[in-house]
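I opened this notebook to record what I looked up around the ligand and along the backbone. The entries follow the order in which I worked.

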Amino acid sequence: MWMRGGTSKGGFFLASDLPEDIEARNRVLVSVMGSPDARQIDGMGGAHPLTSKIAVVSPSDREGCDVDYLFLQVQPDTGSISDGQNCGNMLAAVGPFAIERGLVSAKAGETIVRVYMVNSESQADLVVQTPEGKVTYEGDARIDGVPGMHAPIIQNYSCTAGAQCGALLPTGNQIDIIDGVEVTLVDNGMPSVMLRAADFGLTGYETPQEIEAFPGLKAKIESIRLQAGPMMNLGDVTEQTIPKMCLISSPRSGGIINTRTFIPHRVHEAVGVLAAASDAAACMFPNSVAKGTAVFEEVNPCRVDVEHPTGVMTVELEWDGDTVIRTGLIRTARKLMDGVVFA
Ligand code: NQM
């Protein structure tokens, strides 16, 4: 099934429809996408990391979970395929997909699909609209970065703090210094490096295209990323798509922070779901790089808007002591086609 999940798009497969052998599976998926080729002309991929994504779904044998969701990122140009990160946008469509494929029975009204997220070894419960016991994609929820209105899918994540790095602040510090630049290293479901846009001569309000073309910037960001990886307990991240690199500046539309995110080499047209959850969590630390830039109220749970190039992402964080215990978001998804794809 080809689906849009949040601001991403890709192929949703039952694990049982793919080869069991991982190398054989990867060969099939890369070929389906049409990689390696930046244009992905010979496949289904959309020539951008955000539209070159795969979800592999199977029934779960974990207590409290209905399905397992494995996310795979195919890099269009190189054809590399990685399970090193989670994707909260694609996750939105896992709920309806699991119901449509009969892995979860729909109830009348709303159906909760409990998802074990294999990449980050954590759980998210999705509330899917199922009037009369059938998935509907139609509704009145709007998310920035997607035209039109659709049925809301509520995402409630647990245990995202430190999911991949072991702790919300993996180094234990609110600020570290890499290449002479102050950074905040954070993981609330997506390992992220927060950087001040001004430290790179940017306003932070440039378009993704302007940022990608900014002289010398990509090399500086990549140098910091490669050093941040081991500091965040991620090892050598040369071939990985994490950590994400988030340039921050003051909010302009009533949010808590404004962001531009390298994912990690192209700049996101919006912001990743879990990346926004990590950015929001970093802003809550009084001495992070967001000090003096982030605008927020100290309430718990707190609902905050993370600004990005095409609007805002609203994140709800619930704290217990120094860590986040629940992260909530609203996404939408849509079934685009269901059929046979040729590898
Ligand atoms: O952070 C893109 C996306 C993502 C990831 C990326 C995501 C998340 O927007 O949870 O959704 O950061 O590569 O789809």
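**Entry 1: polar contacts of the ligand.** I note at the outset that the model is predicted. I began with Asn89, where an N or O atom of the side chain is 2.7 Å from an oxygen atom of the ligand. I then turned to His268 and found one of its polar side-chain atoms 2.5 Å from a ligand oxygen atom. At Ala275 the backbone takes part: an N or O atom of its main chain lies 3.0 Å from an oxygen atom of the ligand. I next looked up how much of the ligand is covered. Taken alone, the ligand exposes 350 Å², and the protein buries 100% of that.

**Entry 2: the site.** I asked which cavity the ligand occupies. The space that the ligand takes is the largest cavity. Two elements, helix 2 (88-100) and helix 5 (273-283), each give two or more residues to the shell around the ligand. Helix 5 contributes the largest share of that shell, namely three residues.

**Entry 3: the shell.** I listed the 15 residues around the ligand; those that come nearest are Ser8, Lys53, Gly88, Asn89 and His268. By class, the shell divides into seven nonpolar, six polar and two charged residues. I then asked where the ligand lies with respect to domain 1 and domain 2. Domain 1 (2-161 + 331-337) and domain 2 (176-311) both give residues to the shell, so the ligand lies between them.

**Entry 4: cis peptide bonds.** I moved on to the backbone and recorded the peptide bonds before two prolines. Ser35 and Pro36 are joined by a cis peptide bond with omega of about 5°. Pro36 is found in the loop between helix 1 (22-33) and strand 3 (53-59). From Ile263 to Pro264 the peptide bond is also cis, and omega is near 0°. I located Pro264 in the loop between strand 13 (257-262) and helix 5; helix 5 is the element already noted for its three residues in the ligand shell.

**Entry 5: a positive phi.** I asked which residue has a positive phi although it is not a glycine. Ala47 does, with a value of about 65°. Its place is in the loop between helix 1 and strand 3, and the loop between helix 1 and strand 3 also holds Pro36. I kept these backbone entries because most residues other than glycine have a negative phi, and most peptide bonds are trans.

How values were computed. Residues numbered from 1 in each chain as written. Predicted model: local features only at pLDDT ≥ 70, side-chain atom pairs only at ≥ 80, totals over all residues. Heavy atoms only, no water. Near = heavy atom within 4 Å. Polar contact = N/O pair within 3.5 Å; in protein donor to acceptor, adjacent residues only side chain to side chain. Areas by Shrake-Rupley, 256 points an atom, 1.4 Å probe, with all protein chains shown as cover. 1 Å grid on protein atoms, 1.4 Å probe; cavity = no way out; pocket = protein on both sides within 12 Å on 5 of 7 lines; lining within 4 Å. Sits in = over half its atoms within 2 Å of the grid points. Helix = DSSP H or I, 4+ residues; strand = E, 2+ residues; numbered from the N terminus. Nonpolar A, V, L, I, M, F, W, Y, C, P; charged D, E, K, R; others polar. Domains from an automatic or database assignment.
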